Number of protein chains: 2
Amino acid sequence: MSEKLGVLAIGHGSKLPYNKEIVESVANNIAGKHTDVVVKVGFMNMNEPSIEDALASFAGTGVTTIAAVPVFLASGVHITKDIPKILGLEEGSEKTSIQLDGNNVTIVYGKPLGGDELIADLVFKRAQEAL
Amino acid sequence: MSEKLGVLAIGHGSKLPYNKEIVESVANNIAGKHTDVVVKVGFMNMNEPSIEDALASFAGTGVTTIAAVPVFLASGVHITKDIPKILGLEEGSEKTSIQLDGNNVTIVYGKPLGGDELIADLVFKRAQEAL
């Protein structure tokens with residue numbers, strides 16, 4: 001079986017529309033650039049689909065590995081505890097697997113955005129746009 | 001008087017260290033790349049310095065405009081209400097001024113990061129790193 005990558009972009013979820021809009025925009029952007037990758041979104045709370053439903057929705061796509069990446073700026077208790085629990089990760093582990101279409105699909109857990117240089121460039125761009 | 005730009009990178013603040021680390025890393029990165037710009041950090045709550053103290057700390061730097069940019073992924077009530085109130089912005093306005101060293105310094109309010117293509121690139125990078 002050839003390898004096929006899935007990306008699950010995980011949002012915090014919000015009563016306001018902004019978080020969902022951003023996570024969906026990120027997912028659409030990735031899907032547009034990487035047409036060989038199956039991209040889905042899932043939300044920790046307050047929006048649909050849930051992370052569980054999003055994982056289940058990879059059924060039929062043929063993905064062999066799903067990278068579950070939190071679209072969060074910083075780490076925190078949601079990143080270290082809440083989302084790993086929903087993904088079924090054992091404490092301290094960043095890898096697990098689920099059954100989809102009778103196959104074992106690996107799930108790997110990605111890091112949040114963090115203080116990457118790209119974030120600094122974007123903050124400076126926002127500063128210049130505001131002038 | 002020649003123009004000199006200040007950038008105030010605004011963090012949410014957190015009891016955990018991650019948010020402050022990221023906002024400081026973003027500020028250091030901008031300051032390293034743009035040596036003509038005065039960069040400060042300020043936090044909405046839970047960390048020091050506060051946004052008010054950070055604004056006051058531009059005294060003596062000679063900045064003529066401060067771009068106050070929230071290092072937040074998505075808009076929400078903090079972005080639309082709480083931070084504008086602290087900055088002294090009138091409702092719906094994205095510009096005000098403060099007195100520093102006896103001079104009028106313009107404050108402009110920047111947008112949060114949002115669903116920029118750079119964020120999507122970074123989420124995909126995090127997915128690849130996790131494999």
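Modeller: In this predicted model, chain A and chain B bury about 4,100 Å² between them, 76% of it on carbon and sulfur atoms.

Biologist: Nice place to start! How many residues of each chain are in contact there?

Modeller: On chain A there are 45 residues in contact with 45 residues of chain B.

Biologist: What makes Lys33(B) and Glu117(A) a salt bridge?

Modeller: The closest N and O atoms of Lys33(B) and Glu117(A) are 2.7 Å apart. The cut-off for a Lys nitrogen and a Glu carboxyl oxygen is 4 Å, so the pair counts as a salt bridge. Across the interface of chain A and chain B the rule finds eight salt bridges, and the count of residue pairs in polar contact, both at pLDDT 80 or more, is 14.

Biologist: Which elements of chain A give two or more residues to the side that touches chain B?

Modeller: They are strand 1 (5–11), helix 1, strand 3 (65–70), strand 5 (103–109) and helix 4 (117–130) of chain A. Helix 4 of chain A provides the largest share, 12 residues. By residue kind, this side of chain A divides into 28 nonpolar, 10 polar and seven charged.

Biologist: Let's look at the helices, then. Why is helix 1 of chain A called roughly perpendicular to helix 4 of chain B?

Modeller: Helix 1 (residues 18–33) of chain A and helix 4 (residues 117–130) of chain B pack at an angle of about 70°, with their axes 9 Å apart. Angles of 65 to 115 degrees count as roughly perpendicular, so helix 1 of chain A is given that name relative to helix 4 of chain B.

Biologist: And how do you know that these two helices meet, residue by residue?

Modeller: Val26(A), Asn29(A), Ile30(A) and Lys33(A) of helix 1 meet residues of helix 4 of chain B, including Ile119(B), Ala120(B) and Phe124(B). Contact here means heavy atoms within 4.5 Å. The residues of this contact divide into six nonpolar, one polar and three charged.

Biologist: What makes helix 4 of chain A roughly perpendicular to helix 1 of chain B?

Modeller: The axes of helix 4 of chain A and helix 1 (residues 18–33) of chain B come within 9 Å and cross at roughly 70°. The range for the term is 65 to 115 degrees, so helix 4 of chain A is roughly perpendicular to helix 1 of chain B.

Biologist: Which residues of chain B take part in that contact?

Modeller: Val26(B), Asn29(B), Ile30(B) and Lys33(B) in helix 1 of chain B do, and among the residues they meet in helix 4 of chain A are Glu117(A), Asp121(A) and Val123(A). The residues of this contact divide into six nonpolar, one polar and three charged.

Methods:
Residues are numbered from 1 along each chain as its sequence is written. Chains are lettered from A and ligands numbered from 1 in the order in which they are written. This is a predicted model: local features need pLDDT of at least 70, side-chain atom pairs count only at pLDDT 80 or more; totals for chains, interfaces and linings use all residues. Side-chain values use heavy atoms; hydrogens and water are left out. Axes are lines fitted to C-alpha atoms, for helices over the stretch in contact, and angles run from 0 to 180 degrees between N-to-C directions. Helices (H or I, at least four residues) and strands (E, at least two) are DSSP runs, numbered from the N terminus. Angles under 35 degrees count as roughly parallel, over 145 as roughly antiparallel, 65 to 115 as roughly perpendicular and the rest as oblique. Ala, Val, Leu, Ile, Met, Phe, Trp, Tyr, Cys and Pro count as nonpolar, Asp, Glu, Lys and Arg as charged, and the others, Gly among them, as polar. Buried area is the accessible area (1.4 Å probe) that two parts lose on being put together, summed over both. A salt bridge is a side-chain nitrogen of Lys or Arg within 4 Å of a carboxyl oxygen of Asp or Glu. A polar contact is a pair of N or O atoms within 3.5 Å; within protein, one must be able to donate a hydrogen and the other to accept it, and residues adjacent in sequence count only if both atoms are side-chain atoms.
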